[in-house]
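Let's take a walk through this structure together. Have the sequence and the 3D view open, and we'll go from one part to the next.

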Amino acid sequence: MKQRRGLIMYASVTGNTEKVAKAFAKAMEQNGWEAVLYKIDSKTNFHTNPVYFNEFDVVALGSPNMAGLPSPQVQRCFGMVEPFLAPMFSDEPKPGPNGMEFPEGVDPEEFMKNKKDRNTIKAVVFETYAGSVREATSVLAVEQQYLECKGLVVCGQFACPGHEIRHMAVDACSQVLGISVQNAADALQEYMKDPNAPRFAKLTEEQHEKMRAAVADERDDPSYDGDDFFAAMGKYDLKNRPHERDLLKAEIFMEEIIQDFFTGKEVPEATHRGQYICIS
């Protein structure tokens, strides 16, 4: 039996989602699979550097929660923000000088027939979040739609809390830089590392002062007890999430996908009876 392969695609700003991705990879490797980790960032371009789902048995897509949506990087790669989305299967047609063209040697009729068989490629979606569970489920739903639009069958969802760049700081950064809250999270992370980075060169001293004040805002600190929401952050110890138990849950989640759909089967289990859901 050939070695199974899993593709784990993810975006990660603070490293939370990356920890879950690596837990998935660990579970795959412990079950004899090859795990391919693929981090999505601002430079990711599936047109120039294609990734084909049909080379894998399981595809996982993960993202941090950015104001109730996947990260801008994931949205750019999978959302409807480009004239032509990159083909994610090796036999899919691509934009060419004469319109959409099939790769050499691909029969269009055979392609349409094979599209119906793509449910043998299982998919899962995952995320890390610091807001409410309702906010968590919205990101999973969007990620699921991205993969289902590509023809995959999503059979699992995983989410767990994670420490985050502070809400108040992100909101303030958004106002200072005149950008969306989603993009502000990345910008603030960069500012915390290097306030003299090129993208901040045009900020006035007044704007820098506002950015420094945002970074120092204590209202999102787990020790702050002035609001029920932020007190809850302290109660659930978000500063140290995902913790060991979260990551163990991630491993078990992936192991169950592997065992139920693949273990002992030459052809993956095709029946889709529901979804594995773990929202920690």
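One bit of vocabulary before we set off: a residue is called buried when its relative accessible area is under 20%, exposed when it is over 50%, and partly exposed in between. Keep in mind, too, that this is a predicted model.

Let's begin with the sheet. Here 6 strands line up as an open sheet in the order 2-1-3-6-7-8, and their pairing is parallel. At the edges sit strand 2 (34-39) and strand 8 (276-279), each with a partner on one side only. On average, neighbouring strands are turned by 15° against each other, ignoring direction. Zoom in on strand 3 and strand 6, and you'll find 7 bridges joining them. Across from Glu 127 in strand 6 stands Ser 63.

Now for the helices lying over these strands. Helix 4 crosses strand 3, strand 6, strand 7 and strand 8, and runs at about 150° to strand 6. Helix 9 (residues 244-261) lies across strand 6, strand 7 and strand 8, at about 170° to strand 7.

What about the nonpolar residues? The largest nonpolar core has 28 of them, and Met 9, Phe 53, Phe 78 and Leu 147 touch the most other members. Several elements chip in two or more residues, among them strand 1 (5-10), helix 2 (72-78) and strand 7 (153-161). Helix 4 gives the most, with 5 residues. Take a closer look at Met 9: beyond its neighbours within four places in sequence, its contacts include Tyr 38, Phe 53, Phe 78 and Phe 126. There's also a second, separate core of 26 residues, with Ile 8, Phe 24, Met 254 and Ile 258 among its members.

Finally, the charged pairs. Side chains of opposite charge can pair when their charged atoms come close. The whole structure holds 7 salt bridges. In one of them, Glu 251 meets Lys 26 at 3.5 Å, N to O. That pair ties helix 9 to helix 1 (residues 16-30), across 225 residues of chain. Glu 251 is buried, at 13% relative accessibility, while Lys 26 is partly exposed, at 41%.

Lys 210 and Glu 206 make another salt bridge, at 4.0 Å. They sit 4 residues apart in helix 7 (residues 205-216), so about one helical turn separates them. With a relative accessible area of 46%, Lys 210 is partly exposed, and Glu 206, at 54%, is exposed.

Then compare Asp 246 and Arg 241, whose side chains meet at 2.6 Å: Asp 246 is buried at 0%, and Arg 241 is buried at 7%.

Definitions and conventions: Residues are numbered from 1 along each chain as its sequence is written. This is a predicted model: local features need pLDDT of at least 70, side-chain atom pairs count only at pLDDT 80 or more; totals for chains, interfaces and linings use all residues. Side-chain values use heavy atoms; hydrogens and water are left out. A nonpolar core is a set of buried Ala, Val, Leu, Ile, Met, Phe, Trp, Tyr and Cys residues joined through side-chain atoms within 4.5 Å. Buried means under 20% relative accessible area, exposed over 50%, partly exposed in between (1.4 Å probe, protein chains only). Contact means heavy atoms within 4.5 Å. Two strands pair if DSSP finds at least two bridges between them. Axes are lines fitted to C-alpha atoms, for helices over the stretch in contact, and angles run from 0 to 180 degrees between N-to-C directions.
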